[in-house]
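User: Please take a close look at one part of this model, a strand together with the strands beside it, and describe how that part is put together and what its surroundings are like.

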Amino acid sequence: MCVTEGAIDELPGSNRLIVDSPKMRAYVNARPVQSIDARFAYLGATSHDVPLGSGTMRRQFGLKLRAQDACNLVYAMWRIEPESKLVVSVKENPGQHLSAECGNRGYVNIKPQRSAPAPRLRPGEVHTLRAEMMPTTMNIYIDETLAWQGPLSPDVLKWDERVGIRSDNVRVQFDLTAAIAEHSGSENCRAEPADAE
């Protein structure tokens, strides 16, 4: 796991991980089959809040599904506050590759072909968020229920298949599962934050 912003700690005596920083971005340093599964316990807010780059205050936890670089990537985010919903976004800034170039520009929410309401998260609850990438379609499941299904553009499908996680202003304990096709080695971790929303 390459952590590009914030921190992820391992809980003593377990394989579970914990996030307690206002902003966390990380990716699995391997080329996986396009699926990722996060089983997580929502523990509530972090000790202090940090707004997104847009100035919006939001609590959310989610999955990174494809990325060319910090300016071109796909996220599936479970927004917790101020509104509970599952949102899939593409951040696309052709010709730009660093956060300093694109900032928080280029985000577009993808309209699903099928969807179901996301349950409201309460501290102490445990849920599973899973994403599967098909050749032209993406499926997002909450607790094994299909919560979002929609298309991806051909340009996005050319991006790197590495998957990862992201959180904003939430404390979570989680287990992460991704089917690994090829390990890439820790020396390839990129220092560039995943995005600046």
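Analyst: What follows is a connected account of strand β7, its partners on either side, and some of the residues and the pocket associated with them. The model is a predicted one, and what is said here should be read with that in mind.

Strand β7 covers residues 72-81, and because nine of its ten residues are buried, it is largely enclosed by the rest of the structure. On one side its partner is strand β6, residues 59-69, and these two strands pair in the antiparallel sense over nine bridges. Within that pairing R59 stands opposite E81 in β7, while the connection between β6 and β7 is a hairpin with two residues between them. A second antiparallel pairing, made through seven bridges, joins β7 to β8. Here W78 is placed opposite L86 in β8, and β7 and β8 again form a hairpin, with three residues between them. In a regular strand the side chains alternate between the two faces of the sheet.

Strand β8, residues 85-91, contains S89, a residue that counts as buried because its relative accessibility is 7%. The contacts of S89, leaving out residues up to four places away in sequence, include L73, V74 and Y75, and they also take in Y107, V108 and N109. With N109 there is a specific polar contact, side chain to side chain, at 2.6 Å.

Strand β8 also contributes to the largest pocket, whose volume is about 210 Å³. Of the 14 residues that line this pocket, K85, L86, V87, P112 and W148 are the closest to its centre, and one of these, L86, is the residue that W78 stands opposite. The largest share of the lining, four residues, comes from β8, and both β8 and β13, residues 145-151, supply at least two lining residues each. In its make-up the lining divides into ten nonpolar residues, three polar and one charged.

W78 leads on to a further part of the surroundings, since among the residues that H127 touches, not counting those up to four places away in sequence, is W78, together with A38, R39, F40, P119, L121 and D143. H127 is located in strand β11 and is buried, because its relative accessibility of 9% is under the 20% that marks the limit for that class. Its side chain takes part in two polar contacts with other side chains, one of 3.0 Å with E125 and one of 2.6 Å with D143.

E125 appears again in the surroundings of R120, which is in contact with I80, E81, S84 and E125 once neighbours within four places in sequence are left aside. The E81 in that list is the residue that R59 stands opposite. R120 itself lies in the loop between β10, residues 114-115, and β11, residues 126-133, and because its relative accessible area is 40%, R120 is partly exposed. The C-alpha atoms of R120 and R79 are 9.2 Å apart in space, although the two residues are 41 places apart in sequence.

Taken together, β7 is paired antiparallel with β6 and with β8, while β8 in turn supplies four residues to the lining of the largest pocket.

Technical notes:
Residues are numbered from 1 along each chain as its sequence is written. This is a predicted model: local features need pLDDT of at least 70, side-chain atom pairs count only at pLDDT 80 or more; totals for chains, interfaces and linings use all residues. Side-chain values use heavy atoms; hydrogens and water are left out. Buried means under 20% relative accessible area, exposed over 50%, partly exposed in between (1.4 Å probe, protein chains only). A polar contact is a pair of N or O atoms within 3.5 Å; within protein, one must be able to donate a hydrogen and the other to accept it, and residues adjacent in sequence count only if both atoms are side-chain atoms. Contact means heavy atoms within 4.5 Å. Two strands pair if DSSP finds at least two bridges between them. On a 1 Å grid over the protein atoms alone, a cavity is a set of points where a 1.4 Å probe fits but cannot get out, and a pocket is an open set with protein on both sides within 12 Å along at least five of seven lines; lining residues have an atom within 4 Å of a point. Grid points are joined across faces, edges and corners, and a volume is the space filled by probe spheres set on the points. Ala, Val, Leu, Ile, Met, Phe, Trp, Tyr, Cys and Pro count as nonpolar, Asp, Glu, Lys and Arg as charged, and the others, Gly among them, as polar.
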